[in-house]
Structures are given as structure tokens and as C-alpha cells.
Amino acid sequence: MVTGQGWAGDSTPPHPAVPRPQKPSSLVRPYAVTGGRTAPRMKFAMEALVSSVTSEYQDISLLSPEYQAIIQLTRNVRSVAEISALLRQPLGVVRVLIADMASEGLIRVHQPALDAGKPDLNLLERVLSGLRRL
């Protein structure tokens, strides 16, 4: 005869319940976010500034969660590197997403002006100063 605890007369305790995760893992591999692509459609520097062209009242709920997060972050102008850090996504993934969004007209990328490939001396001096402070 079976009781709620096991067989009648059986003194062995029931098997402990297998612990279940509290909430499902939401880990998505970076290559899944970009569809396996590793190179952006357009080239831009990691210090390039990005701004959203969508209005605050525009419905973005139909966009992917990654697009929504980037649009929210770029309501204030931010660099590509900053967006990558805030999203905790690899820079390459964020570059692909930003290039896709720019081609769809969702965001605007403001490239730094480079003088025929020469580095900006002011930028190099600021980087060197920052490195010395470390």
C-alpha cells in the first residue's frame, strides 16, 4: 500500500526534492545577438559618439531588448565604448548592433574628425595624462 510518504511500513525517508533554480538564466551568447556576424556594416571608432533619433514618446516595444537598451542609453549622447561597458557586452557585438541601428535610422553615429589618418594630439595628451595618474 502506498501512503503520502512512501510504502506503508517503510521507514526510509522520502527522496529530498531536487532544488530548482530560482529564476531561469537569461544568458544569451553574443553571437546569437548579432546573428553570428562579427564585423559591423560600417566602420567607426570606439570613441565615436552615438545619439538616438527616436522620440521619447515613440513606441520601441517591438524592437529587440538590445535595441531598446541602446536607444534608452543614447537618449543622452554616449560613446560606443561607454555603451559597451554599460550593457556589459563585448565591443564587437555593440559595434555590430550600432551599425545595424544606424542603417535602420534608429540612431546617429557622430564620427570623430580625423586629419587624414593622423591621431588627434590633444586626445593623445589626455590619454597619456590619464595613464600617468594610474
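1. In this predicted model, the side chains of Glu82 and Arg78 meet in a salt bridge, with a distance of 3.0 Å from N to O. Side chains of opposite charge can pair when their charged atoms come close. Glu82 counts as partly exposed, since its relative accessibility is 34%, and its partner Arg78 is found in strand E4, which covers residues 78–79.

2. Arg78 deserves a second look, for its side chain does not only face Glu82, with which it makes a polar contact of 3.0 Å; the side chain of Arg78 also reaches the backbone oxygen of Leu73, at 2.8 Å. If the neighbours within four places in sequence are left aside, Arg78 is in contact with Ala48, Leu49, Val50, Leu73, Ile83 and Leu86.

3. How many salt bridges does a search of the whole structure find? The search finds 2, and besides the pair already described there is one between the side chains of Asp100 and Arg41, at 3.2 Å from N to O. This pair links distant parts of the chain, because Asp100 belongs to helix H4 while Arg41 lies in the loop between helix H1 (30–33) and E3, and the two are 59 residues apart. Are Asp100 and Arg41 buried or exposed? Asp100 is buried, with a relative accessible area of 4%, whereas Arg41 is exposed, with a relative accessible area of 58%.

4. It may help to step back to the chain as a whole, which contains 5 helices and 5 strands. Read from the N terminus on, these elements follow the order β-β-α-β-α-β-α-α-β-α. The chain has 134 residues, of which 22% are buried, and its accessible surface comes to about 10300 Å², with 57% of that surface belonging to carbon and sulfur atoms. Among the contacts in the chain with a separation of 6 or more, 67% are accounted for by residues 24 or more positions apart.

5. Which residues touch the most other members of the largest nonpolar core? That core has 20 residues, and the ones in question are Phe44, Val80, Ile83, Ile98 and Met101. At least two residues of this core are supplied by each of helix H2 (65–73), helix H3 (80–87), H4 and strand E5 (107–110), and the largest share, 6 residues, comes from H4. For Met101, the contacts beyond its neighbours within four places in sequence are with Tyr67, Ile70, Ile71, Leu106 and Ile107.

6. Val94 is a residue worth finding on the screen, and it is located in helix H4, which runs over residues 91–103. Because its relative accessible area is 0%, Val94 is classed as buried. Leaving aside neighbours within four places in sequence, Val94 is in contact with Val80, Ile83, Ser84, Leu87 and Gln89. The C-alpha atoms of Val94 and Met46 are separated by 9.8 Å, although these two residues are 48 residues apart along the chain.

7. Ser51 has its place in strand E3, made of residues 49–52, and with a relative accessible area of 11% Ser51 is buried. What joins the side chains of Ser51 and His110? The two side chains are joined by a polar contact of 2.9 Å. His110 also appears among the residues in contact with Ser51 once neighbours within four places in sequence are set aside, together with Thr74, Val77, Ile107 and Arg108.

8. Gly105 lies in the loop between H4 and E5, where it counts as partly exposed because its relative accessibility is 45%. The C-alpha atom of Gly105 is separated by 8.8 Å from that of Thr54, and the two residues are 51 residues apart along the chain.

9. A last point concerns the surface, where Leu123, Val127, Leu131 and Leu134 make a nonpolar patch of about 410 Å². One of these residues, Leu131, is found in helix H5, which spans residues 121–133. Leu131 is exposed, given that its relative accessible area is 52% and the cut-off for being exposed is over 50%.

Note on methods: Residues are numbered from 1 along each chain as its sequence is written. This is a predicted model: local features need pLDDT of at least 70, side-chain atom pairs count only at pLDDT 80 or more; totals for chains, interfaces and linings use all residues. Side-chain values use heavy atoms; hydrogens and water are left out. Helices (H or I, at least four residues) and strands (E, at least two) are DSSP runs, numbered from the N terminus. Buried means under 20% relative accessible area, exposed over 50%, partly exposed in between (1.4 Å probe, protein chains only). A polar contact is a pair of N or O atoms within 3.5 Å; within protein, one must be able to donate a hydrogen and the other to accept it, and residues adjacent in sequence count only if both atoms are side-chain atoms. Contact means heavy atoms within 4.5 Å. Patches are made of residues with over 30% relative accessible area and no salt bridge: like charges are joined within 9 Å, nonpolar side chains (Val, Leu, Ile, Met, Phe, Trp, Tyr) within 5 Å. Accessible areas come from the Shrake-Rupley method with a 1.4 Å probe; for residues, only the protein chains shown count as cover. A salt bridge is a side-chain nitrogen of Lys or Arg within 4 Å of a carboxyl oxygen of Asp or Glu. A nonpolar core is a set of buried Ala, Val, Leu, Ile, Met, Phe, Trp, Tyr and Cys residues joined through side-chain atoms within 4.5 Å.
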